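Here are a few exercises to work through with the model open beside you. Try each task first, then follow the solution step by step.

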Amino acid sequence: MLFNTNKASKEKKQTIDQFRNHVSSGKVDFYKKYNMDFVMGHRDGPWLYDIDGKKKLYNLHSNGGVFNLGHRNKEIIDILKSNLQNYDIGNHHLISKERAELGAKMAELMPGNLDYTIFGVSGGEAIDLALKIARAYTKRKKIISVYGGYHGHTGLSIQTGDAQYRTPFLFDSPDFIQVEFNNIDSIQATLQEDIACVILETIPATLGMPIPKDGYLKKVKELCEKNGSLLILDEVQAGLGRTGKLWAFEHFNVIPDMVVLAKGLSGGIYPMSATVIDRKLETVFHDDPFIHISTSGGSELGSVVAKKVLEISSDQIFLENVNFISDLFQIQLKKLQQKHSGYFKGIRRKGLMMGLELKDDLAGPVLTKTAYDNDLLIIYANNDKSIVQFLPPLIMEEKDVYFVIKQLDKAIKQARLLHPIAKLKELF
Ligand SMILES: Cc1ncc(COP(=O)(O)O)c(C=O)c1O
């Protein structure tokens, strides 16, 4: 790409000034402080380019799965373009061919009686709906989630999260109870008669990808059934092929009552979320089918895109690539871990849903910075900063694994040098 550097630098400065003055001054100050004021310009597959053309980043965060299929995936763009000839958002009150076909495709790909889908725009909205359905169906109010889990920032989803996200906004309802992840006793002790549902991410991303212990999810489902409570699995990050199977819960021999999807369902192009529900739960809407609405949820253009995402992500060859790249990473990351033992302590992995376990809480932020300096976009897990989330695009090619490992090696070396200075100066 050719850039007129003067013009591009001016454009970047103007963007940053406008952003500081009219969108978020705090974010600009944060990125300036760490010399990471990247402004997304051109983007293509796994690559992001700074708007001034001076830097590029290999996207190993994929926005938590939004960019599973890479940036500006050609198949997604082509289908959107061709449907722009005929469609728009559509009307959420009316029957829609595109929404119907997407619902049918989803049901075909989901196991058990997960036959109905209500579409939304964001993950938080889809989580809120799942919680509403749980309450309406069970006629119970209380909701169990896990410490460090994350389901969104909307009215109900935020209340399932940690206090740091809730208390500034004065959310402190006793109807939302948190327990420890992977601890069956704490769920068992909390599952009383007034519990509407348990909500879990199949693999909690913001907690740093702890993998569910053998039998944990299955046991949670059994306990829920016994107690007349529902199990909601949030696959906003873990779904759509991320773990090497189409749905992450398929690894754990469990079928939940509801599944929530978002992020990647958009193809990175057109926002779309989904609350997929067991057939029995659809009765909640029998008295008044208009009791829940989302004007732009399940938009017709979005439905066309999401259907294509489902087609691509459920393809066996696509899933085989995820597993192939995941196995290659395991071998290469293990070597890095041995080389940098003491700093890089372990690998959490299910397909390409991976977390790098580091020395301590400072190491995640420090490695995020040195990785950035080495052209890699990775981000530490906000609810466990000793873990760096590692979510490459699912379309990743073998040659890119070696590039990423080479750069990560350099980034870890620099992080090890920077760590004591960062600690001393309280840089992060
Ligand atoms: C696991 C999980 N659930 C729900 C959400 C909320 O999705 P959204 O930001 O689209 O509201 C997120 C967002 O990061 C998420 O990671």
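**Exercise 1. The two domains**

Task: Find which residues make up domain 1 and domain 2, and how far apart their centres lie.

Solution: Start with the bounds. In this predicted model, the domain assignment gives 5-67 + 316-425 as domain 1 and 74-313 as domain 2. Next, take the centres over C-alpha atoms: domain 1 and domain 2 are separated by 27 Å. Finally, look at the contact itself, to which domain 1 gives 27 residues and domain 2 gives 32 residues.

**Exercise 2. What the interface is made of**

Task: Describe the area buried between domain 1 and domain 2, and say which three residues of domain 1 supply the most of its share.

Solution: Begin with the total. About 2,200 Å² is buried between domain 1 and domain 2, with 58% of it on carbon and sulfur atoms. Then turn to the domain 1 side: Lys 350, Met 353 and Asn 383 supply 33% of the area that this domain buries against domain 2, more than any other three residues.

Now check the polar side of the interface. There are 13 residue pairs in polar contact between domain 1 and domain 2, while the salt bridges across this interface number 0.

As a last step, place the contact on secondary structure. Helix H10 (316-339) and strands E11 (344-350), E12 (353-358) and E15 (384-390) each supply at least two residues of the domain 1 side that touches domain 2. H10 has the largest share of that side, with 4 residues.

**Exercise 3. A helix under cover**

Task: Compare the span of helix H9 with its expected value, then decide whether H9 is mostly covered or uncovered.

Solution: H9 runs over residues 300-313, which is 14 residues. From first C-alpha to last, H9 reaches 20 Å, close to the expected 20 Å at 1.5 Å a residue. For the second part, 13 of the 14 residues of H9 are buried, which leaves the helix mostly covered.

**Exercise 4. Three salt bridges**

Task: Work out where the partners sit in the pairs Glu 101 with Lys 97, Asp 175 with Lys 141, and Asp 400 with Lys 399.

Solution: The rule counts 28 salt bridges, including these three pairs.

- Glu 101 and Lys 97 meet at 3.0 Å, N to O. Both belong to helix H4 (residues 97-109), 4 residues apart, about one turn of the helix. An α-helix has 3.6 residues a turn, so residues three or four places apart point the same way. Glu 101 is partly exposed at 30% relative accessibility, and Lys 97 is exposed at 52%.
- Asp 175 and Lys 141 meet at 3.6 Å, N to O. This pair links distant parts of the chain, 34 residues apart: Asp 175 is in the loop between H6 and E6, and Lys 141 is in the loop between H5 and E5. Asp 175 counts as buried because its relative accessibility is 13%.
- Asp 400 and Lys 399 meet at 3.3 Å, N to O. Asp 400 is buried at 12% relative accessibility, whereas Lys 399 is exposed at 56%.

**Exercise 5. Positive phi**

Task: Where do Asn 63 and Leu 240 lie, and is each buried or exposed, wholly or in part?

Solution: Asn 63 is not a glycine, yet its phi is near 55 degrees. Asn 63 sits in the loop between strand E3 (56-59) and helix H3 (74-83), and is partly exposed at 40%. Leu 240 also has a positive phi, of about 60 degrees. Leu 240 lies in the loop between strands E8 (230-234) and E9 (258-261), and counts as buried because its relative accessibility is 3%.

Conventions: Residues are numbered from 1 along each chain as its sequence is written. This is a predicted model: local features need pLDDT of at least 70, side-chain atom pairs count only at pLDDT 80 or more; totals for chains, interfaces and linings use all residues. Side-chain values use heavy atoms; hydrogens and water are left out. The expected span of a helix is 1.5 Å times one less than its number of residues. Buried means under 20% relative accessible area, exposed over 50%, partly exposed in between (1.4 Å probe, protein chains only). Domain bounds come from an automatic or database domain assignment. Contact means heavy atoms within 4.5 Å. Buried area is the accessible area (1.4 Å probe) that two parts lose on being put together, summed over both. A salt bridge is a side-chain nitrogen of Lys or Arg within 4 Å of a carboxyl oxygen of Asp or Glu. A polar contact is a pair of N or O atoms within 3.5 Å; within protein, one must be able to donate a hydrogen and the other to accept it, and residues adjacent in sequence count only if both atoms are side-chain atoms.
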